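Visitor: Hi, I've got a fresh structure open on my screen. Could you walk me through it?
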Amino acid sequence: MSPLRLRQLDLSLPERHLLQDLSLDLHGGLCTLLTGANGAGKSTLLRIVAGLTPANRLALPDLGGSTPRGAARRLRGLVTYIHQHPFMFRGPVRDNLLLALPWSLGYRARARRVDEALEWAELTHLRRNDAGGLSGGERQRLSLARAWLRGSPYLLLDEPTSNLDTASRERLRALLQVLLEKGHGLMIATHDPTHFRFAGCAHLHLADGRLRLAAPAGKDDETQGACA
Amino acid sequence: MTEAIIQALQMLLAGDPTLWDIVGVSFRVSLVALTISLVPGLAIAALLAFARFPGRRLAVSLFNAMLSIPAVVVGLTFYLLLSRHGPLGEWRLLFTQTAMVAGQVALSLPILVAMIHTALQELDPRAWETTRTLGAGALRATLILLREVRFALLAAVIAAFGRIIAEVGSAMMLGGNILGYTRNITTAIALETSKGAYAQGIALGLVLLLLSFSLNAGLHWLQGRSRLQPEYLA
């Protein structure tokens with residue numbers, strides 16, 4: 001699968017130039033870690049890549065989409081974004097998954113796919129529970145299951161392990177590993193890059209509006225060129 | 001007075017046909033008006049909440065201001081439009097149920113728009129983003145969010161119904177209080193009381209009180225439900 005290439009990604013806020021002419025490549029089956037201080041613009045960058053916030057300028061050499069809004073629309077077709085605290089819709093866990101599937105699929109097919117997703121994310125025993133009552137780890141797994149149903153080639157996660165206990169973090173990591181093996185491209189904003197050392201992981205650091213490759217001391221070989 | 005109250009209760013329990021005809025007119029007119037204003041109300045509220053266009057804030061404050069327009073002024077406006085020499089006089093709609101419905105649509109629409117718009121605005125922005133990132137188009141995303149605020153939506157419908165079934169000004173001016181056709185609960189109470197026939201007025205007043213009591217109880221319950229957001233846990 002050809003990578004998702006973003007060029008000239010630029011965003012100015014009234015008070016500062018948050019993202020300055022960034023280039024970014026996401027590859028299927030590979031993970032890109034994104035670190036940076038609080039307020040550096042990690043979430044904003046992820047939201048732009050997910051097509052939820054339009055940039056001031058953004059070129060997608062392989063996809064077209066000449067205007068920032070057009071680019072955002074194309075990106076929404078390829079990318080699913082998972083909030084740091086995923087939003088749970090009112091009602092049972094199962095209904096929260098149903099809405100990730102198009103109506104055109106038909107009810108029976110949707111129900112079957114939802115059952116598969118529940119099993120994949122180890123949520124089957126909670127399917128009738130109110131989604132609002134789930135724990136942080138269960139919410140993260142539910143949101144991953146929703147993304148899995150949506151089936152976007154690229155998944156962006158915003159601080160997925162903040163406020164999770166060790167067991168939940170390990171479960172989440174295992175699910176992400178499965179997604180990588182299935183060929184999904186991941187991008188994870190995190191303060192804890194060591195937790196997500198998947199094979200072939202690139203690590204980018206965002207500071208002062210620019211991205212640079214962050215190579216942990218003595219491990220230069222682990223960071224492959226995801227940053228052009 | 002006691003005699004009038006006893007007589008009123010007897011009329012209600014005996015199923016006095018004139019009385020229940022009048023109640024029927026009230027319900028029919030108000031339910032039709034509510035049904036007509038529901039879809040535009042939802043659409044306008046969603047547009048005001050999610051679309052970005054020039055004049056949006058003005059439109060929001062306009063609808064909020066329309067909440068407090070007295071029913072009798074709405075009645076007057078439509079009266080002038082529909083009267084023989086008015087711009088729509090040819091339609092011959094004055095003193096019909098259709099005219100009453102038109103007035104009540106104008107009264108209920110601002111309530112629906114204002115309340116539903118507020119509910120959608122107060123919704124967590126992550127809700128909209130989540131539907132979009134999961135592949136929903138603008139229409140489906142809107143429907144999912146309307147479902148998310150369903151209790152507030154129902155509360156808006158009840159509040160709108162409560163206002164139009166209890167209003168007297170517009171129904172009196174546009175309906176003309178014609179017995180068996182446009183005489184509804186509120187105009188009948190006004191007329192019967194002015195004639196000194198208290199029993200029917202009291203009977204209809206009781207119906208209205210019971211109705212508004214149960215509507216308010218329902219509203220109260222729904223507003224409790226709509227605030228019951230386990231989301232803070234996140």
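Guide: Happy to; we'll go through a sheet, an interface and then a chain. This is a predicted model, where local features need pLDDT of at least 70, side-chain atom pairs count only at pLDDT 80 or more, and totals for chains, interfaces and linings use all residues. Residues are numbered from 1 along each chain as its sequence is written, chains are lettered from A and ligands numbered from 1 in the order in which they are written, and side-chain values use heavy atoms, leaving out hydrogens and water.

Visitor: What's the strand order in the open sheet of chain A?
Guide: The order is β2-β1-β4, with antiparallel pairing across 3 strands. Strands here are DSSP E runs of at least two residues, helices are H or I runs of at least four, and both are numbered from the N terminus. Two strands pair if DSSP finds at least two bridges between them.

Visitor: And which are the edge strands?
Guide: β2 (17-26) and β4 (57-59) of chain A, each pairing on one side only.

Visitor: Which helix packs on the sheet?
Guide: Helix α1 (residues 42-49) of chain A, which touches β1, β2 and β4 of chain A (contact is heavy atoms within 4.5 Å).

Visitor: What stands opposite Arg7(A)?
Guide: Ala59(A), in β4(A). Strand β1 (residues 4-12) of chain A pairs with β4(A) over 2 bridges in the antiparallel sense.

Visitor: Switching topic: how much area is buried between chain A and chain B?
Guide: About 2,400 Å², with carbon and sulfur atoms giving 54% of it. Buried area is the accessible area (1.4 Å probe) that two parts lose on being put together, summed over both.

Visitor: Which three residues supply the most on the chain A side?
Guide: Phe87(A), Phe89(A) and Arg90(A), which supply 34% of the area that chain A buries against chain B. The contact takes 27 residues from chain A and 26 residues from chain B.

Visitor: How many salt bridges cross that interface?
Guide: The rule finds 2 (a side-chain nitrogen of Lys or Arg within 4 Å of a carboxyl oxygen of Asp or Glu). One of them joins the side chains of Asp95(A) and Arg147(B), at 3.3 Å from N to O.

Visitor: Which element of chain A gives the most to the side that touches chain B?
Guide: α5(A), with 4 residues. The elements giving two or more residues are β5 (79-82), α3 (93-98) and α5 (136-150) of chain A.

Visitor: Last one: how many helices and strands does chain B have?
Guide: Chain B comes to 11 helices and 0 strands. Its C-alpha trace spans about 65 × 45 × 25 Å along its principal axes.

Technical notes
Axes are lines fitted to C-alpha atoms, for helices over the stretch in contact, and angles run from 0 to 180 degrees between N-to-C directions.
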